[in-house]
Amino acid sequence: VSAIVLDSQNNNDANTSQQDTIYVDNKIEQPVCDNYAIELRRCSGGAATAFRSLSDAANSADAGKTVLIRQGVYEQALVPSHSGIPGKPIIFKNYPAEEVTITGLLLKPAVDISGHKYIVIEGLNISNVMRWMYLREAHYNIIKNNKFYKALDGDGGSKTGLYIASSSYNKVLHNSFEDNPSDSLSIVNSDRNLIDGNSFRKAEHSLWAIRCGNYNVIRGNNFHNSEQKIGEVYDCDGQSGVNKYDATKYNIIENNDFTFVPSSGNHSAYSGIQFAGQNSIIRHNRFHDTVGPGLRMALYGDEAAINAENRIYNNVFYGTHFAGVDINTGNREHIMYDNVFKNNIFMKSKFVA
């Protein structure tokens, strides 16, 4: 699965030194200038093109352009108008060593690359907005080295965080996600996406979810949720208007740290992963200090009715306060079979009601 994800993504960063570069600088007085002095941050004596607003720069940038955003606070959404092409992405990133923040209570979402391909979003702070980011019918994009902090739309559900829907071959790399009133990352009806090397903290529902998506890889991330569960994998029963069953296959969850979930009080215990997929692999993960089970092999309703032919091996389950693994029985209409557990370590777990 990893090979399929990586080899199919022809969206490696191009050599930006050979690309045209434009700038965004909210300190300049006019909307656009072509005599921008980079070191002085003013429209005088230079030869670069600069825009005052993110929207104007995003409208202008086409394949092969790099948009460098200067330090500042921008209270406007970043919505590209064009797509890149293979070998010539459109890159939106912070100017080196400068901090760029996109914020604002009207931003829903703050960044939207829906319908586009070969876009790179890099090095931005997205904070105190209603929703973080959309990728809907978006393919071959890279989201890396950004900080997503404090989404505010408590009614946004799966769309409140980084929302990937009907999208494929995207990479989410080395970002941090913290403080979401629902789900920090949702992959819905989407295939062959890579989530690698990120840090996730504090979401009031789940840190991440795969819903009726296939061949996705969740790898090398660090998860800690002080509010509820960490991950969810299941089919779609009306999620985002999609109904697909027996349709969450061939995903890999590997080499992640599941470091904490809290007590749920009198409710069903929160899980490291609440899992109801098919033909998938869970391997080389470390589950520890979870007050609920590290892994719940779940059966419930129609969205989690088939849990079959999965392989769970070489994981560590340490110090859990419910069970290392909790296997549900469901009812006669639910299906669970041929799930193989091998070479896992279970240590110092204890049951706490």
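Two strands count as paired if DSSP finds at least two bridges between them. The exercises below apply this to a predicted model.

**Exercise 1.** Determine in which order the strands of the open sheet are arranged, and which strands stand at its edges.

*Solution.* Step 1: the open sheet is formed by eleven strands with parallel pairing, in the order β6-β8-β11-β14-β17-β20-β23-β28-β31-β35-β39. Step 2: the edges are held by β6 (72-74) and β39 (345-347); each has a single partner strand, so one side of each lacks a neighbour in the sheet. Step 3: at the β6 edge, three bridges connect β6 in parallel to β8 (residues 100-104). Val73 has Thr101 as its bridge partner in β8.

**Exercise 2.** Classify Tyr318 as buried, partly exposed or exposed, and identify the surface patch to which Tyr318 belongs.

*Solution.* Step 1: Tyr318 lies in strand β35 (residues 316-318). Step 2: its relative accessible area is 32%. Since the partly exposed class lies between 20% and 50%, Tyr318 is partly exposed. Step 3: together with Ile345 and Met347, Tyr318 forms a nonpolar surface patch of about 270 Å² accessible area.

**Exercise 3.** Describe the surroundings of Thr320, beginning with whether Thr320 is buried or exposed.

*Solution.* Step 1: Thr320 is located in the loop between β35 and β36 (325-327). Step 2: Thr320 is buried, because its relative accessibility is 0%. Step 3: the Thr320 side chain forms a polar contact of 2.7 Å with the side chain of Ser349, and a polar atom of that Thr320 side chain lies 3.4 Å from the backbone nitrogen of Gly324. Step 4: beyond four places in sequence, Thr320 touches Thr290, Gly292, Gly294, Lys348, Ser349 and Lys350.

Note on methods. Residues are numbered from 1 along each chain as its sequence is written. This is a predicted model: local features need pLDDT of at least 70, side-chain atom pairs count only at pLDDT 80 or more; totals for chains, interfaces and linings use all residues. Side-chain values use heavy atoms; hydrogens and water are left out. Patches are made of residues with over 30% relative accessible area and no salt bridge: like charges are joined within 9 Å, nonpolar side chains (Val, Leu, Ile, Met, Phe, Trp, Tyr) within 5 Å. Accessible areas come from the Shrake-Rupley method with a 1.4 Å probe; for residues, only the protein chains shown count as cover. A salt bridge is a side-chain nitrogen of Lys or Arg within 4 Å of a carboxyl oxygen of Asp or Glu. Helices (H or I, at least four residues) and strands (E, at least two) are DSSP runs, numbered from the N terminus. Buried means under 20% relative accessible area, exposed over 50%, partly exposed in between (1.4 Å probe, protein chains only). A polar contact is a pair of N or O atoms within 3.5 Å; within protein, one must be able to donate a hydrogen and the other to accept it, and residues adjacent in sequence count only if both atoms are side-chain atoms. Contact means heavy atoms within 4.5 Å.
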